[in-house]
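Open the model in your viewer and set the display to cartoon, with side chains available on request. The stops below each give a selection and then what is found there.

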Amino acid sequence: MVRTITGQISSVDILAVGVHPDDVEIGCIGTLIKHRKQGYSFGIVDLTEGELGTRGNAPLRLEESKKSAEFSGALFRVNFGWPDGFFEHSNENIIELVKIIRLTKPSYILCNAPNDRHPDHGRASKIVHDASFYSGLIKIKTVFEG
């Protein structure tokens with residue numbers, strides 16, 4: 001289930017997708033802020049609440065992600081609530097991301113690296129890659145219910 005952390009889901013130039021609530025901040029927040037200052041818009045999707053992390057807890061990480069999105073100028077930030085460490089590369093998860101991609105119509109999608117020490121990152125990268133492709137196939141029918 002998609003949970004809105006801040007803002008309202010809308011079209012953006014750049015969609016940043018991270019597995020955990022701090023992945024976008026660690027990986028590309030500087031790039032996003034730089035592009036916002038150049039007139040581009042962006043939104044953020046977190047796939048999990050990061051509940052398995054050794055620092056903090058899910059409620060704290062969600063609150064921090066909200067503050068970060070507001071500070072950085074994200075038009076919206078949503079969290080899919082997938083199980084940290086145990087989400088799967090599945091048709092259902094791909095379609096959930098396809099819905100967001102179709103709704104936001106980004107020109108660019110940023111995500112975790114495909115090869116990373118953390119198994120969630122590579123798995124998420126593959127889901128984002130596949131969802132990006134499938135979002136353009138008109139025979140895949142979706143309705144956003146978020």
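Select His121 to begin; this residue sits in helix α4. The model is a predicted one. His121 has a relative accessible area of 11%, so it is buried, the cut-off being 20%. Now show what surrounds the side chain. Beyond the neighbours within four places in sequence, His121 is in contact with Val19, His20, Asp23, Asn112, Ala113 and Asp116.

Next, select Phe87, in the loop that joins β4 to α3. Is Phe87 buried or exposed? Its relative accessibility is 3%, so Phe87 counts as buried. Leaving out residues up to four places away in sequence, Phe87 touches Val19, Thr48, Trp82, Asn93, Asp120, Arg123, Ala124 and Ile127. Val19 is also one of the contacts of His121. For a distance check, pick the C-alpha atoms of Phe87 and Ile101: the two residues are 14 apart along the chain, and the separation is 19 Å.

From Phe87, move to its contact Trp82. Trp82 belongs to strand β4 and is buried, at 5% relative accessible area. Which residues does Trp82 contact, leaving aside neighbours within four places in sequence? They are Leu47, Thr48, Glu49, Glu51, Phe87, Asn93, Glu96 and Ile127. Draw the C-alpha to C-alpha line from Trp82 to Leu47: it spans 5.8 Å, while the sequence places them 35 residues apart.

Two of the contacts of Trp82, Asn93 and Glu96, lead to the next selection, helix α3, residues 91-104. At 1.5 Å a residue, its 14 residues should span 20 Å, and the end C-alpha atoms are indeed 20 Å apart, so the expected span and the model agree. Colour the buried residues of α3: Asn93, Ile94, Glu96, Leu97, Val98, Ile100, Ile101 and Thr104. When reading that pattern, recall that an α-helix has 3.6 residues a turn, so residues three or four places apart point the same way. Which elements cover these buried residues? The cover includes strands β2 (14-18), β3 (42-48), β4 (76-82) and β5 (108-110), together with helix α4 (119-134).

Step off the end of α3 to Lys105, which follows the helix. Lys105 lies in the loop between α3 and β5. Its relative accessible area is 58%, so Lys105 is exposed. What is the phi of Lys105? It is near 50 degrees, a positive value in a residue that is not glycine. For context, most residues other than glycine have a negative phi.

Finally, clear the selection and zoom out to the protein chain. There are four helices and five strands, in the order β-β-α-β-α-β-α-β-α from the N terminus. The radius of gyration is 14 Å; a compact globule of 146 residues would have one near 15 Å, so the chain agrees with that expectation. Along the principal axes, the C-alpha atoms fill a box of roughly 40 × 35 × 30 Å.

Colour by burial and 45% of the 146 residues count as buried. Among contacts with a separation of 6 or more, 83% are between residues 24 or more positions apart. Switch on the surface for the last view: the accessible area is about 8100 Å², and carbon and sulfur atoms hold 54% of it. With charges shown, there are 17 positive and 18 negative, and their mean positions lie 6 Å apart.

Conventions. Residues are numbered from 1 along each chain as its sequence is written. This is a predicted model: local features need pLDDT of at least 70, side-chain atom pairs count only at pLDDT 80 or more; totals for chains, interfaces and linings use all residues. Side-chain values use heavy atoms; hydrogens and water are left out. The radius of gyration is taken over C-alpha atoms; the globule rule is 2.2 Å times the number of residues to the power 0.38. Buried means under 20% relative accessible area, exposed over 50%, partly exposed in between (1.4 Å probe, protein chains only). Contact means heavy atoms within 4.5 Å. Accessible areas come from the Shrake-Rupley method with a 1.4 Å probe; for residues, only the protein chains shown count as cover. Lys and Arg count as positive and Asp and Glu as negative; His and the chain ends are not counted. The place of a charge is taken as NZ of Lys, CZ of Arg, CG of Asp or CD of Glu. The expected span of a helix is 1.5 Å times one less than its number of residues.
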